[in-house]
Amino acid sequence: MSWLPIALVGVPLLGAVVAALPAVRDRAVAWGIAVSAGVLVLAVALAAAFDHARPADMQLQTDRPWIPSLGLRFHLGVDGVSLPLVVLTALLTFLCFVHLAGHPPAGGRPGALVVTLLVLEVGMIGTFLALDLLLFFVFFEVVLVPMYFVIALWGGAGRRAAAVKFILYTLLGSAVLLIGLLVVWTQAGTLDMVALAGRHGSGMARSAQILAFLAIGLGLAVKTPMWPLHTWLPDAHTEAPTVGSVLLAGVLLKMGSYGFARIAIPVLPEGAAALAPWLGAFAVAGIAYGSLACLAQRDLKRMIAYSSVGHMGFVLLGFASLTPVGLNGALFANVAHGLITGLLFFLAGAVKERYGTADMVRLGGGMLRRLPYVGSLLTFACVASLGLPGLAGFWGEMLALLGAFRPAAGLSRPLFLVFMAVGGLGTVLTAAYFLVMLSRVTHGRAVETIPPPGPLAPPEPYGPVGPPLATAEGVREVLSEAGEGAEPVEPVATGAAVAALDREGAGQEAARARAAVDDGRASLADAAGSLGVGAADTGETGRARRPFRDVTAHELAAWLPLVALIVLFGLWPKALLAVTTPAVQSLLGSGVAP
């Protein structure tokens with residue numbers, strides 16, 4: 001079965017080539033679903049063929065000459081550390097194509113998007129299978145170009161700037177990463193990751209290990225992302241299309257953290273021990289900063305992006321402890337974050353498509369009444385992300401904090417206890433910002449605007465014909481500007497209602513109508529109707545309001561597998577820990593702690 005790793009890389013690459021052919025262009029999304037489904041089947045077959053009795057061993061290896069003159073080999077394989085991430089990557093890519101079938105890309109050119117996503121899958125899976133340092137670097141870089149185009153061509157209004165920021169940050173991090181890998185090569189004389197991990201740093205000077213760990217760690221920290229190298233992430237997530245955000249958060253961030261487990265810690269144990277306190281400090285700074293930044297966000301996607309900074313901080317804190325418990329927590333949190341944040345970005349995309357905005361203030365609340373299934377799933381994903389026991393988000397954070405409670409020998413326990421306390425505060429802040437978001441978006445009573453005619457209507461089949469739901473704050477702004485003689489900032493129909501209120505003057509009835517609007521108890525249309533203004537005055541003649549459509553079949557097909565896995569790993573964490581624990585113990589070896 002050693003052909004399985006080659007097939008996992010080759011099938012999406014061949015699928016991308018075929019998808020670029022003109023004959024397939026009209027059925028590109030269906031082709032993408034078929035290819036990604038085939039890759040998922042191969043990933044499941046890989047998991048079935050994997051000998052779970054010895055997960056610490058590298059299995060199903062393919063080791064062939066690549067560039068013999070330089071001693072480079074095309075070496076692929078899988079163990080308990082990489083297996084869950086390979087299956088996660090195949091699953092999320094397939095679900096993105098299923099989602100794409102019901103949500104054509106806003107920028108058009110679905111065939112080009114399918115080609116781009118399949119090339120992206122090649123790089124993501126290859127990174128988790130590569131066992132040669134240079135081959136790892138090649139796959140690590142392959143993902144940058146397709147993700148750049150996903151953001152730049154199919155993203156939001158600020159997509160170009162976000163894509164450029166993404167590529168500049170990640171290319172700079174990759175350059176530093178390459179320097180660190182070359183230091184390892186010159187010191188150890190080999191690029192074989194299995195041999196290097198087996199040596200546990202023997203034969204490499206401590207100073208060289210520290211230098212190499214610093215360079216490799218910085219390169220991986222950009223992709224993870226670690227504070228303060230995270231600033232590319234919120235813009236990239238905010239502007240990326242839904243499928244781009246899902247893969248960026250669910251898989252690409254894991255490539256950086258995977259590098260710590262696969263390369264930095266086992267290959268450079270003395271460098272890891274020397275720099276672990278700094279890694280822990282930046283990790284908890286990211287936890288605190290990400291949580292506080294979430295409290296200040298109005299955009300739903302941007303808030304989820306900042307939450308990733310905080311959650312990945314727990315992953316880095318687990319690595320910094322240099323203990324089996326901490327590393328297990330980091331690897332568990334990797335998978336849990338991929339499942340939960342992938343679901344969150346699917347839901348954020350659905351909300352934005354229905355309402356026309358991701359601004360939590362403009363959404364106006366009441367989603368559980370208006371969209372009960374979407375609102376319920378959003379609540380579930382938020383509760384899972386804040387670490388509720390019984391769901392997957394709990395175990396990774398708990399184990400990472402437990403690793404900080406008792407770090408490896410040679411590390412300052414009082415310092416790591418401080419890190420644990422700050423991380424614990426981060427869990428409280430995480431609950432705070434998610435509950436604030438839910439109170440704004442899913443609860444309360446929505447204040448509706450009057451549907452305007454023309455191009456402001458959202459595309460079929462979503463929502464009422466109209467702009468995002470207005471809030472009392474927005475309505476007050478409209479009333480204020482209209483009263484001062486300025487042009488209404490809302491569409492013409494809403495402006496007509498405002499003008500109707502103004503014509504009534506400051507009488508008791510008009511005052512009550514204005515108060516009802518301000519308090520969110522009535523829409524502008526209702527207020528205008530209470531003053532005897534007809535449909536012609538409010539611009540509603542001949543235009544019936546349609547209700548929002550709740551979840552679609554394509555959305556359920558894309559979301560429910562993630563819900564099931566979040567519950568499964570929450571109730572049965574051993575399903576994942578039984579695979580990672582022996583592999584973690586093997587990677588740590590005897591060279592990490594004196």
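Helices here are DSSP runs of H or I, at least four residues in length, and they are numbered from the N terminus. Keep that numbering handy, and keep in mind that what you're looking at is a predicted model.

Let's start with the largest cavity. Searching the whole structure turns up 6 cavities of 30 Å³ or more, and the largest has a volume of about 120 Å³. Which helix gives the largest share of its lining? That's H14, with 5 residues. H14 spans 324–355, and helix H13 (300–321) and helix H18 (392–405) join it in each supplying at least two lining residues.

If you want to pick out the wall residue by residue, look for His311, Phe314, Ala333, Ala336, His337, Ile340, Thr341, Ser385, Ala392, Gly393, Gly396 and Glu397. By character, that lining splits into 5 nonpolar, 6 polar and 1 charged. The charged one is Glu397, since Asp, Glu, Lys and Arg are what count as charged. Gly393 and Gly396 go in with the polar set, because Gly is counted there.

Now for the aromatic rings. Across the whole structure there are 12 aromatic pairs. One of them is Phe128 with Tyr258, an edge-to-face pair with 5.2 Å centre to centre and 90° between the planes. What makes this pair worth a look is where its two halves sit: Phe128 is in helix H4 (residues 110–129) and Tyr258 is in helix H11 (residues 242–267), so the contact ties together parts 130 residues apart in sequence. Both Phe128 and Tyr258 are buried.

Next, move along to Phe394 and Trp395, another edge-to-face pair, with 5.0 Å centre to centre and 75° between the planes. Are these two rings buried or partly exposed? Phe394 has a relative accessible area of 23%, so it counts as partly exposed, given that buried means under 20%. Trp395 also comes out at 23% and is partly exposed too.

Rings can gather in groups as well: Phe213, Phe260 and Phe319 form one aromatic cluster. Phe260 falls within the residue range of H11, the helix that carries Tyr258.

Finally, have a look at two basic side chains that sit over rings. Lys223 lies over the face of Phe140, 3.7 Å from the ring centre. Arg109 does likewise with Trp154, at 5.9 Å from the ring centre.

Conventions:
Residues are numbered from 1 along each chain as its sequence is written. This is a predicted model: local features need pLDDT of at least 70, side-chain atom pairs count only at pLDDT 80 or more; totals for chains, interfaces and linings use all residues. Side-chain values use heavy atoms; hydrogens and water are left out. Rings of Phe, Tyr and Trp (its six-membered ring) pair if their centres lie within 6.5 Å; planes under 30 degrees apart count as stacked, over 60 as edge-to-face and the rest as tilted. Buried means under 20% relative accessible area, exposed over 50%, partly exposed in between (1.4 Å probe, protein chains only). A charge sits over a ring if NZ of Lys or CZ of Arg is within 6 Å of the ring centre and within 35 degrees of the ring normal. On a 1 Å grid over the protein atoms alone, a cavity is a set of points where a 1.4 Å probe fits but cannot get out, and a pocket is an open set with protein on both sides within 12 Å along at least five of seven lines; lining residues have an atom within 4 Å of a point. Grid points are joined across faces, edges and corners, and a volume is the space filled by probe spheres set on the points.
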